[in-house]
Amino acid sequence: MTPHEAFFALYEGLDRQGPGSRASLDWALGLAGVGPSARLLDAGCGPGADVAGLLAWVPQGRVVALDRHGPFIDRMRARFAAEGRVEARQGDMAAPEGAFDLIWAAGSVYVLGVAAALAAWRGHLAPGGRVAFSQLAWRGGARPKPAAAFWAAAYPAMTEAEGVLEDVAAAGYRSLGRRWLSAADWAAYYEPLAARCVALRPEAERDGALAGAIAAAEAEIATWRAAGDSYGYLLCVVAPE
């Protein structure tokens, strides 16, 4: 398989593609003041780990789940087939259709960059609309050399939290609040991923691309276990100025 195919094969069947939890979602949507009839966008929804939580906040509202990867959207449609308030769409999260009371982006803004994502979404926010997103950032202070080397290669655009907030301001937004995702939020992502890596090792012996995807994932997990207190996901709730 190709490296692209290997990446998605690794995540097949997993609920999450990044750290998160219902508790962190509840904090963000509560701060954003989401109402029961709101229209929400899950931008870069992946396999839909947060959709049930989003639906719980809008018992009279709707959730649009958007992702480029067709199999994720197929999975979403099957999972929520009986739920008439979910619309799963395959497409570019930088160009959603319609206006939303809240845009939720769990770990997906890195694809565009914080400032570019917020700029793209500004015209898709209803009056009073908010954006809640999580972004990988350094916590400040010393950066352990192994972690610094790993992220310099894996995500060279990574900044400290202040850099994320500078991007928010540059896009013409103000911060309503922010907090770091917890260690439990990270474990909820990494523990199933680590088990998936182990399960796929026999197949990876016959497929170099899959072996490479597993090695990259295991290196990321090892980096977090060794130095995860030096970086994290900063969950931000912002509004246009």
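These legends describe several close-up views of a predicted model.

**View 1. Asp 67, a buried acid without a salt bridge.**
Asp 67 belongs to strand E2, which covers residues 62–67. Which side chain of opposite charge is nearest to Asp 67? It is Arg 68, and it is 7.8 Å away. A salt bridge requires a nitrogen and an oxygen within 4 Å. Asp 67 has no such bridge, although the residue is buried. Its side chain does have a polar atom 2.9 Å from the backbone nitrogen of His 69. Beyond its neighbours within four places in sequence, Asp 67 contacts Gly 44, Cys 45 and Gly 46. The contacts also include Phe 72 and Ile 73. Arg 89, Gln 90 and Gly 91 are on the list as well.

**View 2. The salt bridge between Asp 15 and Arg 75.**
The closest N and O atoms of this pair are 3.3 Å apart. The two residues come from distant parts of the chain, 60 residues apart. Asp 15 sits in the loop between helix H1 (3–11) and helix H2 (22–32). Arg 75 sits in helix H4, residues 70–79. How accessible is Asp 15? Its relative accessible area is 49%, so Asp 15 counts as partly exposed. Arg 75 is partly exposed too, at 26% relative accessibility. The model has eight salt bridges by the rule used here.

**View 3. Arg 22 and Asp 26 within helix H2.**
The side chains of Arg 22 and Asp 26 form a salt bridge, with 2.8 Å from N to O. Both residues lie in helix H2. They are four residues apart, which is about one turn of the helix. Arg 22 has a relative accessible area of 44% and is partly exposed. Asp 26 is also partly exposed, with a value of 26%.

**View 4. Arg 201 and Glu 218 joined by a salt bridge.**
Here the N to O distance is 2.6 Å. Arg 201 is in helix H8 (residues 183–204) and Glu 218 is in helix H9 (residues 208–227), so the bridge ties together parts that are 17 residues apart in sequence. Are these side chains buried or partly exposed? Arg 201 is partly exposed, at 41% relative accessibility. Glu 218 is partly exposed as well, at 27%.

**View 5. Arg 39 in strand E1 and its surroundings.**
Strand E1 spans residues 39–43, and Arg 39 is part of it. Arg 39 is partly exposed, with a relative accessible area of 25%. The side chain of Arg 39 reaches the backbone oxygen of Ala 99 at 3.0 Å. Residues up to four places away in sequence are not counted among its contacts. Arg 39 touches Arg 62, Val 64 and Arg 89. Arg 39 also touches a run of residues that includes Glu 97, Gly 98 and Ala 99. Phe 100, Asp 101 and Leu 102 are further contacts of Arg 39. Val 198 lies elsewhere: the C-alpha atoms of Arg 39 and Val 198 are separated by 40 Å. Along the chain, these two are 159 residues apart.

**View 6. Glu 97 in the loop between strands E3 and E4.**
Strand E3 covers residues 86–90. Is Glu 97 buried or exposed? Glu 97 is exposed, because its relative accessible area is 57% and the cut-off for exposed is over 50%. Outside the four neighbouring places in sequence, Glu 97 is in contact with Arg 39 and Arg 89. Leu 25 is 72 residues from Glu 97 in sequence. In space, their C-alpha atoms are 23 Å apart.

**View 7. Ser 21 in the loop between H1 and H2.**
Ser 21 has a relative accessible area of 17%. Ser 21 is therefore buried, as the cut-off is under 20%. Not counting residues up to four places away in sequence, Ser 21 touches Arg 16 and Asp 185.

**View 8. A nonpolar surface patch.**
Which residues make this patch? They are Tyr 110, Val 111 and Leu 112. The patch is about 280 Å². Leu 112 lies in the loop between strand E4 (100–106) and helix H5 (114–121). Leu 112 is partly exposed, at 31% relative accessibility.

Conventions
Residues are numbered from 1 along each chain as its sequence is written. This is a predicted model: local features need pLDDT of at least 70, side-chain atom pairs count only at pLDDT 80 or more; totals for chains, interfaces and linings use all residues. Side-chain values use heavy atoms; hydrogens and water are left out. Buried means under 20% relative accessible area, exposed over 50%, partly exposed in between (1.4 Å probe, protein chains only). Lys and Arg count as positive and Asp and Glu as negative; His and the chain ends are not counted. A polar contact is a pair of N or O atoms within 3.5 Å; within protein, one must be able to donate a hydrogen and the other to accept it, and residues adjacent in sequence count only if both atoms are side-chain atoms. Contact means heavy atoms within 4.5 Å. Patches are made of residues with over 30% relative accessible area and no salt bridge: like charges are joined within 9 Å, nonpolar side chains (Val, Leu, Ile, Met, Phe, Trp, Tyr) within 5 Å. Accessible areas come from the Shrake-Rupley method with a 1.4 Å probe; for residues, only the protein chains shown count as cover.
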